[in-house]
Amino acid sequence: MSYTVEKIDGGKAKFTITVDSETFREARTKAFNKNKGKISMPGFRKGKVPRKMVEKMYGKDIFDEDAINMAAPPAYEEARKESDLTIISYPDYEMVDVNDDDTFVFTATVAIRPEVTLGEYKGIKVKKQSYEVSDSDVDEELERVREQNGRRIDVTDRAVQADDIVRIDFDGYVDGEAFTGGRGEDYDLVIGSHSFIDNFEDQLIGCNIDDDVDVNVTFPENYHEASLAGKPALFKVKIKSIKQKELPELNDEFADEVSEFDTLDEYKEDIRKNITERKKKQADDAKETEAVDKLAEEATMDLADLAIDSQVDQMVQEFAYRLQMQGMDPSQYMKMTGMTPQALQAQMRPEAERRLKTRFALEAVAEAEGITPTDEEVDEDIKKSADMYNTDFEEYKKTLTEKQIDEIKKDLSVKKAAEFVRDNSEEADEETKGE
């Protein structure tokens with residue numbers, strides 16, 4: 001294998017690769033062996049026709065397409081590794097010629113890491129962030145903890161009220177016919193949660209245990225099941241039990257039970273401290289996002305479409321993986337939503353371009369400022385992955401290749417560069433409160 005490479009306009013490079021005759025002849029042999037089972041001729045059993053007879057009848061290039069597909073990727077990979085280019089896309093192959101001496105020539109066009117010209121990355125103007133914590137923030141957190149520690153008390157001496165937990169059986173009908181998904185048994189419904197459609201829950205208020213109730217509702221026009229959208233429905237409901245939630249009192253005993261503190265005042269101070277830290281983190285994240293977005297907007301670079309295409313492909317694969325982790329088949333999702341692969345790719349393209357521009361701008365900042373992670377920071381990042389896989393740190397680290405560790409270092413450099421841009425930004429007078 002031999003090759004030449006040239007940089008071309010648009011942030012790309014073009015490899016012209018020649019595969020030697022011995023390699024290509026081996027690929028032709030593999031291609032013949034792959035396809036010979038499909039070949040039949042009079043006088044021969046299927047799959048037993050001699051290669052010379054096949055080539056005499058059809059030409060020796062009959063399986064060249066398969067042979068080229070076998071030989072080209074390894075040849076490109078060898079050329080890629082030998083080159084000093086930082087390639088950021090899949091190759092776009094183009095056949096040039098198969099020569100009489102059984103060598104063949106092809107090209108592989110790729111996107112390369114663009115040259116980045118940064119704007120002013122110190123002193124970027126960002127909105128002022130506030131992370132003050134009010135007494136109501138603390139009270140809301142206390143109420144949330146109270147709710148978590150409340151207990152359900154059986155109610156037998158009154159009718160259903162708002163906020164009760166009612167256990168019900170129900171059967172739903174549309175146009176007098178039961179419909180799929182309209183039946184439930186021993187369902188605990190919180191009155192006022194609005195988890196059921198229309199005014200379903202309101203119609204149970206005032207009813208008693210063992211009552212049979214006819215509940216009339218109308219499905220929303222935009223209901224996810226098209227066959228039910230906008231239609232009136234009747235639910236026959238049986239009330240089986242009523243419970244109410246009893247919340248603990250806010251006192252020192254409560255604080256002692258739910259926390260490591262002896263008094264409610266100490267617990268409140270700890271809550272305030274935790275909320276302050278959370279809001280500060282949110283404010284820092286918002287400041288960093290705004291500063292980095294502005295950094296990428298001001299940077300100039302020649303970003304090839306091939307690079308964006310490859311990033312889109314990666315995002316589509318990540319999206320499909322997340323769907324599978326949620327137990328959903330990607331093709332079924334596309335069918336349910338009416339989304340086409342082309343539409344999904346088009347939808348992701350702006351974000352793909354933004355991610356690439358942001359990444360390369362931050363890499364340029366890291367290079368300009370000499371930002372690199374320490375060995376301790378690299379080990380800490382590796383340990384997080386080891387812990388996630390419940391694996392010993394040292395054993396896990398041994399499994400990583402030099403290339404993988406280099407990628408970890410690059411990612412950490414980019415993260416530190418983002419923090420550098422944030423910490424060197426300037427807050428404008430306009431204030432945005434952290435949520």
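This is a guided tour of selections to make in the viewer, with a description of what is found at each stop. The model is a predicted one, and every value quoted below is computed from it.

**Stop one: two crossing helices**

Begin by selecting helix H6, residues 264–298, together with helix H12, residues 402–423, whose axes lie 8 Å apart and which pack at an angle of about 95 degrees. Because angles of 65 to 115 degrees count as roughly perpendicular, H6 is described as roughly perpendicular to H12. To display the contact itself, show the side chains of Asp284, Lys287, Glu288, Ala291, Val292 and Leu295 on H6, and those of Ala418, Glu419, Val421 and Arg422 on H12. Sorted by class, this contact of H6 with H12 comprises five nonpolar and five charged residues, with no polar ones.

**Stop two: valine 365**

Next, select valine 365, which is found in helix H9, residues 341–369. Valine 365 counts as buried because its relative accessibility is 0%. If neighbours within four places in sequence are set aside, the residues in contact with valine 365 are Leu118, Tyr121, Leu295, Ile371, Ala417, Phe420 and Val421. Two of these names, Leu295 and Val421, were already on display at the previous stop, where Leu295 belongs to the H6 side of the contact and Val421 to the H12 side. A C-alpha to C-alpha distance drawn from valine 365 to leucine 295 should read 9.5 Å, for a pair that is 70 residues apart in sequence.

**Stop three: salt bridges**

Searching the whole structure yields 45 salt bridges, and a few of them are worth selecting one by one. In general, side chains of opposite charge can pair when their charged atoms come close.

Select arginine 28 and aspartate 64 first, whose side chains meet in a salt bridge with an N to O distance of 2.7 Å. Arginine 28 sits in helix H1, residues 21–35, and aspartate 64 in helix H3, residues 64–82, so that the pair, 36 residues apart, links distant parts of the chain. Are the two partners buried or exposed? Arginine 28 counts as buried at 7% relative accessibility, and aspartate 64 is likewise buried, with a relative accessible area of 7%.

Move on to glutamate 141 and arginine 144, which form a salt bridge whose closest N and O atoms are 2.5 Å apart. Both residues lie in helix H4, residues 135–148, with a spacing of three residues, or about one turn of the helix. Glutamate 141 counts as buried at 19% relative accessibility, just as the cut-off for buried is under 20%, whereas arginine 144, at 40%, counts as partly exposed.

Then select arginine 151 and glutamate 246, a salt bridge in which the closest N and O atoms are 2.8 Å apart. Since arginine 151 lies in strand S7, residues 151–155, and glutamate 246 in strand S11, residues 232–246, the pair ties together parts that are 95 residues apart in sequence. Glutamate 246 counts as partly exposed, with a relative accessibility of 37%.

To finish this stop, select Arg113, Arg359, Glu363, Glu367 and Asp411 together, which are linked in a network of salt bridges.

**Stop four: side chains facing backbone nitrogens**

Select serine 89, in the loop between H3 and strand S3 (92–98), which is buried with a relative accessible area of 11%. A polar atom of the serine 89 side chain lies 2.8 Å from the backbone nitrogen of alanine 111. Residues up to four places away in sequence aside, serine 89 touches Val110, Ala111, Leu306, Ala307 and Ser310.

Turn next to aspartate 169 in strand S8, residues 165–174, where a polar atom of the side chain lies 2.8 Å from the backbone nitrogen of aspartate 186. With residues up to four places away not counted, aspartate 169 touches Gly184, Glu185, Asp186, Lys236, Val237, Lys238 and Lys240.

**Stop five: two loop aspartates**

Finally, select aspartate 198, in the loop between strand S9 (177–190) and strand S10 (212–218). Although not a glycine, aspartate 198 has a positive phi of about 50 degrees, and at 48% relative accessibility this residue counts as partly exposed. Aspartate 210, also placed in the loop between S9 and S10, has a positive phi of about 75 degrees, again without being a glycine.

Note on methods
Residues are numbered from 1 along each chain as its sequence is written. This is a predicted model: local features need pLDDT of at least 70, side-chain atom pairs count only at pLDDT 80 or more; totals for chains, interfaces and linings use all residues. Side-chain values use heavy atoms; hydrogens and water are left out. Axes are lines fitted to C-alpha atoms, for helices over the stretch in contact, and angles run from 0 to 180 degrees between N-to-C directions. Helices (H or I, at least four residues) and strands (E, at least two) are DSSP runs, numbered from the N terminus. Angles under 35 degrees count as roughly parallel, over 145 as roughly antiparallel, 65 to 115 as roughly perpendicular and the rest as oblique. Contact means heavy atoms within 4.5 Å. Ala, Val, Leu, Ile, Met, Phe, Trp, Tyr, Cys and Pro count as nonpolar, Asp, Glu, Lys and Arg as charged, and the others, Gly among them, as polar. A salt bridge is a side-chain nitrogen of Lys or Arg within 4 Å of a carboxyl oxygen of Asp or Glu. Buried means under 20% relative accessible area, exposed over 50%, partly exposed in between (1.4 Å probe, protein chains only). A polar contact is a pair of N or O atoms within 3.5 Å; within protein, one must be able to donate a hydrogen and the other to accept it, and residues adjacent in sequence count only if both atoms are side-chain atoms.
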